[in-house]
Amino acid sequence: MIEQGKSKHHDLRMQSRKQLDISGVSNVESFDSEEFLLQTELGHLTIRGQHLHIKNLSLEEGLLSIEGLITSLVYLEPGAPAKNGKSLFGKLFK
């Protein structure tokens with residue numbers, strides 16, 4: 001769950017599905033040309049697409065810019081069951 005009471009800063013700005021600027025990024029868990037998994041101030045975020053690459057990254061400032069064709073943005077809920085009944089985080093950190 002996201003803690004209430006603490007001020008969290010996390011914004012997304014997408015331009016023509018070709019560039020995505022994200023603030024509030026605390027870690028880039030994994031990435032390749034088709035998928036990024038990020039830890040943000042408001043939870044894990046999965047970004048999927050084609051020909052994805054990092055244009056700019058500053059974890060000190062919590063900023064990330066991604067270029068490529070963006071096809072989906074999905075926030076993962078901790079403990080949410082995956083399709084096979086296992087926890088999504090259990091699959092990610094197996």
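This briefing describes strand pairing and the nonpolar core in one structure. The model is predicted, so that local features need pLDDT of at least 70 and side-chain atom pairs count only at pLDDT 80 or more, while totals for chains, interfaces and linings use all residues. Residues are numbered from 1 along each chain as its sequence is written, and side-chain values use heavy atoms, with hydrogens and water left out.

**Strand pairing**

- Strands are DSSP runs of E with at least two residues, numbered from the N terminus, and two of them pair if DSSP finds at least two bridges between them.
- Strand E5 (residues 43–58) pairs with E6 in the antiparallel sense over twelve bridges, and among the partners are serine 58 with leucine 63 and leucine 45 with tyrosine 75.
- Strand E2 (residues 19–23) runs antiparallel to strand E6 (residues 63–76) and is joined to it by five bridges, with isoleucine 22 opposite leucine 64.
- E4 and E5 are also antiparallel, joined by six bridges, and threonine 40 stands opposite glycine 43.

**Hairpins**

- Two residues link E4 to E5 in a hairpin, whereas the hairpin of E5 and E6 has four residues between the strands, with glycine 62 in the turn at a positive phi of about 75°.

**Nonpolar core**

- The largest nonpolar core (buried Ala, Val, Leu, Ile, Met, Phe, Trp, Tyr and Cys residues joined through side-chain atoms within 4.5 Å, where buried means under 20% relative accessible area with a 1.4 Å probe, protein chains only) has twelve residues, including Leu20, Phe36, Leu45 and Ile70.
- At least two residues of this core come from each of E2, E3 (25–31), E4 (35–40), E5 and E6.
- Leaving aside neighbours within four places in sequence, leucine 45 is in contact (heavy atoms within 4.5 Å) with residues including Ile22, Phe36, Leu38 and Tyr75.

Conventions. Buried < 20%, exposed > 50% of the residue type's maximum accessible area, 1.4 Å probe, protein only.
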